[in-house]
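Student: Could you take me through one part of this model in detail? I'd like to look closely at the place where the two chains meet.

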Amino acid sequence: MYQTTYHRASSVDEAASLFAKGSESKFLAGGQTLLPVMKQRLAGPSDVIDLGRIKELQGVELSGDTLTIKAATTYYDIMTNADVKQAIPAIAYLTSVLGDPAVRYRGTIGGSIANNDPAADFPAALLALGATVKTNKRSIAADDFFQGLFTTALEDGEIITAVSFPVPAKAGYEKMRHPASRFALTGVFVAQAKSGEVRVAATGASQTGVMRVGAIEAALKANWSPSAIDSVSISANGLLADIHGTAEYRANLIKVMAQRAVAAAR
Amino acid sequence: MGVEGIGARVVRKEDKRFITGKGRYVDDIKLTGMTHAYFIRSPHAHAKVKKIDSSAALKMPGVVAVLTGQQLVDDKVGNLICGWAITSKDGSPMKMGAWPAMAPETVRFVGQAIAVVIAESKNLARDAAEAVVVDYEELPAVADMHAAIKPGAPQLHPEAPGNQVYDWVIGDEGAVNAAFSKAANVVKLDVTNNRLAPNAMEPRAAIADYDTAEEHFTLYTTSQNPHVARLVLSAFYNIAPEHKLRVIAPDVGGGFGSKIFIYPEEMVALWASKKVGRPVKWTGDRTEAFLTDAHGRDHITHAEMAFDANNKIIGLKVKTYANFGAYMSLFSSSVPTYLYATLLSGQYNIPAIHAEVIGVYTNTTPVDAYRGAGRPEASYLIERLMETAARQLNVDPAQLRRTNFITQFPHQTPVIMAYDTGDFNASLDAAMKAIDYAGFPARKAKAKADGKLRGIGVSCYIEACGIAPSKAVGSLGAGVGLWESAEVRVNPVGTIEILTGSHSHGQGHETTFCQLVAERLGVPISQVSIVHGDTDKVQFGMGTYGSRSAAVGLTAILKAMEKMESKAKKIAAHALEASEADIVIENGEFKVTGTDKAIALPMVALAAYTAHNLPDGMEPGLKESAFYDPTNFTFPAGAYICELEVDPGTGKTSFVNFVAADDFGRLINPMIVEGQVHGGLVQGIGQALLEHAIYDANGQPVTASFMDYAMPRADDVPSFNLSHTTTLCPGNPLGIKGCGEAGAIGASAAVINAITDAIGKNNLEMPATPDRVWRTIHAA
Ligand SMILES: Cc1cc2nc3c(=O)[nH]c(=O)nc-3n(C[C@H](O)[C@H](O)[C@H](O)COP(=O)(O)OP(=O)(O)OC[C@H]3O[C@@H](n4cnc5c(N)ncnc54)[C@H](O)[C@@H]3O)c2cc1C
């Protein structure tokens, strides 16, 4: 690890001003991505500003049909939260299959979506549920937030404060785990909004990161059932291919995971 | 058996220190004035090192020195050696390319060291390493074995034209051809044995400490065989004479073979410590482990098996290409030859076998022994062939094996090994019963109704362990003898120290070796301690690998114990005024049989050391040593059966049951044996389903971290169902065969046989990843 200066912020405003002072600052949340990258010397921020102890970034709120998860809430706290389990059980399930216990105790929803790894789980949930990302400056629709591999709509120094999810009629998530990293080799989140709108998002599959799957959305809109997806054909074009999965395999997984997510949806 | 004697499930003594964080590993050791080494490694698979400019680095804070390969040459430090000479079929010796500990001129794999920075801290050394400017001229590289042997392929070593290490043969080719010419059926199979990265939990590490006044070196290192390390370092590398070099291998966190070898980093640390006049520490990180710990396996094989009309095997021919990587590691030459082809008879009567093995250099990490070392490759091949044959001949795979089992012992195979004993039907019976083999068709039908493809796979392995009779291995080219030594010291107060040349790096010797003492003397194991891993304390030793520590190391202890007991009995008889022949040892006492006269062990020990009243002419003291050289290999064998389900939608495999019926001869501590089997099975399953060290066409490693290299985790494997059938090994007095490698040798074939049974297609390579299985299911 290169030499760095660590700061523990106590408010979002303080974090933003500390960030501005450093020559090459980075926010730190759970550290499950940033710290390994720093240890490998692939990143060398001058200043690290820890968001983990900021009270206003912690916790879950359910109000009416909106579930809000604050940015620095850990996966473990999300997974075990009664409101999450009741309002959107698919999110509780998603966190239960994310990483391992050590990662779940530390990693945060804000860190996950700010990082926007193409194989991360949470981006699929945000996109399929039509969530809104709240920052210290604005609100950003999930459709606009994720902009390709490790790229988001966040500006330099902008802090995610929370994510708000409209509570759906039904939602489900299924993931084929990457055999080595346990990220999503392909994961599919399906959601049927209370308005009847159907949104489906796949992660781990596309060369451009998390994506909506229009063909499956159309099929499910006509008939919300696993068998409705039988006849959908998913092209392997533009899908990721690596030693653990060819593009054709990932195309198959999009279908199979979507079917299983529908079957599991509650 | 006593409560802590042979056969008792005694809790491991060493675990208290391990699970309370009190283990003392090399990296835990800190010496006064210690400096830290960081190696500069080639990012290219093949390149000329044109220039190394360390001027900027030398000005960085805390930098003590930057040392290069050329300085090793200038100081006449020897190149790395390979300790087993193999002769090609044309009579020529193996072609060994020079491997300097840091490359002065040419690098041949990604991660090969070219220079080292010595600094006040590891981080400072690493900072400075980034400031060393290396000018490389890239050369074409080749990572694939088939590409490497093609005409026009990039050449690695001038010594080895065509990138060929050797072309070695074993067996009677004429007899095999004759058998094939009268065969009723011939079964053919091509298999790849995937390359593995060993990944011990503790990475390799070394601390070298040169004492300028005494001109003496101490090396703390992660070694499975500290005496062998000292021998090789002093005999071949010209760094330190043997009597001026102490090698200490303290607690070592797993080896699996990868810590047998003497690596460049230890050599450089020793040499650098003298150069800078201060202790030098190097601790590898996980990336360095992936790049530089010797890899395992990596064979491509074509095999054909000939059957007569009664489904009896009449001949076997095998042609194997074995990847050596860029250099010949310490025992690399023996692994695909004498540790592989000599086991090709499996558990079967095969009258004629011929095998040809071609060793190939590629621009990849060197390959050497990894848990099982050659025997997993042999067992996998034979057991895949048997399954393939059963399918082709349309007979039950268990029955085909029984038709061909060796049932008379001793049995001389056509490939050197003479099996001493075994009962292969008994193991197979036990495994079939444990898994309810007969009930499988009904379970398969039920699974099918649930949309799952269920399969069952058998693997009947045999291995040669207890490595090894020195004379025999010497005649086959080994550069060392493979006996073991032991010393038993009974202290004046009656506690006992056992000094052993075996080295424990997870095997539990500190418990099992004490159990032998408890068994013989009836003393609690708390009164016994095991001393190992230090060349200044232990007389000598060949170390731990090849499932040898119980069969060879413990037998050496037994021999020393017998000598000690014989002397102690004389002392007791003298004190009790009885005849030596009437003395028996029970519960820590020497008793006159049939009387109530007895003297406790501490009193015998005290008598030995006070020497006030010893029999005439007897030397004082109670300490004996022994060297034990085995007379044959031992032959652990067993039957593994795996039942699993494949999800046709994803190709994912889920275990239903995995049974292992092993014959290890006598068990010292069944709990520790089970632990060894569990670990081995997990490694075998890891090879079958998950693990694969991959290079791209240019020799760049694709799997140099756990993000890409899939190690098995607890939830990847089933809860194992173990049992034992026992035939005692006639080759050693304790009847022990060894258990350390069996799981890794037998498991992978059972898994692949089960998956191919489930999906109804025979051709499937390891690792059977979900993607690969899914594509195989849906292939035309
Ligand atoms: C072994 C292992 C397994 C894993 N498995 C999975 C998995 O299966 N699925 C999965 O999805 N992920 C997985 N991860 C990644 C994990 O989810 C990380 O926690 C996540 O990517 C980053 O979250 P973090 O809170 O740790 O963020 P950090 O590592 O602290 O930060 C990551 C990035 O986000 C930025 N950031 C953090 N918080 C904010 C904020 N509030 N506003 C703006 N920027 C911010 C940081 O500056 C940094 O650039 C795994 C990680 C590990 C180590």
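Tutor: Sure, and keep in mind that this is a predicted model. Let's start with the overall extent of the interface. On the chain B side 24 residues are in contact with chain A, and they touch 24 residues there. Together the two chains bury about 2000 Å², with 50% of that on carbon and sulfur atoms. If you want to know where to zoom in on chain B, go for M707(B), R713(B) and D771(B): these lose the most area to chain A, and together they make up 25% of what that side buries.

Now for the polar side of things. Between chain B and chain A there are 6 salt bridges. One to pull up on screen joins the side chains of D715(B) and R182(A), at 2.9 Å from N to O. Counting residue pairs in polar contact, with both residues at pLDDT 80 or more, you get 14 between the chains.

Which helices of chain B should you colour? Try α4 (122–131) and α20 (770–778), since each supplies at least two residues of the side that touches chain A. D771(B), one of the residues that lose the most area, sits within the range of α20, residues 770–778.

As for what that side of chain B is made of, sorting its residues by class gives 11 charged, 9 nonpolar and 4 polar. Put that next to the 6 salt bridges between the chains and the 50% of buried area on carbon and sulfur atoms, and you have a fair picture to take back to the viewer.

Key. Residues are numbered from 1 along each chain as its sequence is written. Chains are lettered from A and ligands numbered from 1 in the order in which they are written. This is a predicted model: local features need pLDDT of at least 70, side-chain atom pairs count only at pLDDT 80 or more; totals for chains, interfaces and linings use all residues. Side-chain values use heavy atoms; hydrogens and water are left out. Contact means heavy atoms within 4.5 Å. Buried area is the accessible area (1.4 Å probe) that two parts lose on being put together, summed over both. A salt bridge is a side-chain nitrogen of Lys or Arg within 4 Å of a carboxyl oxygen of Asp or Glu. A polar contact is a pair of N or O atoms within 3.5 Å; within protein, one must be able to donate a hydrogen and the other to accept it, and residues adjacent in sequence count only if both atoms are side-chain atoms. Helices (H or I, at least four residues) and strands (E, at least two) are DSSP runs, numbered from the N terminus. Ala, Val, Leu, Ile, Met, Phe, Trp, Tyr, Cys and Pro count as nonpolar, Asp, Glu, Lys and Arg as charged, and the others, Gly among them, as polar.
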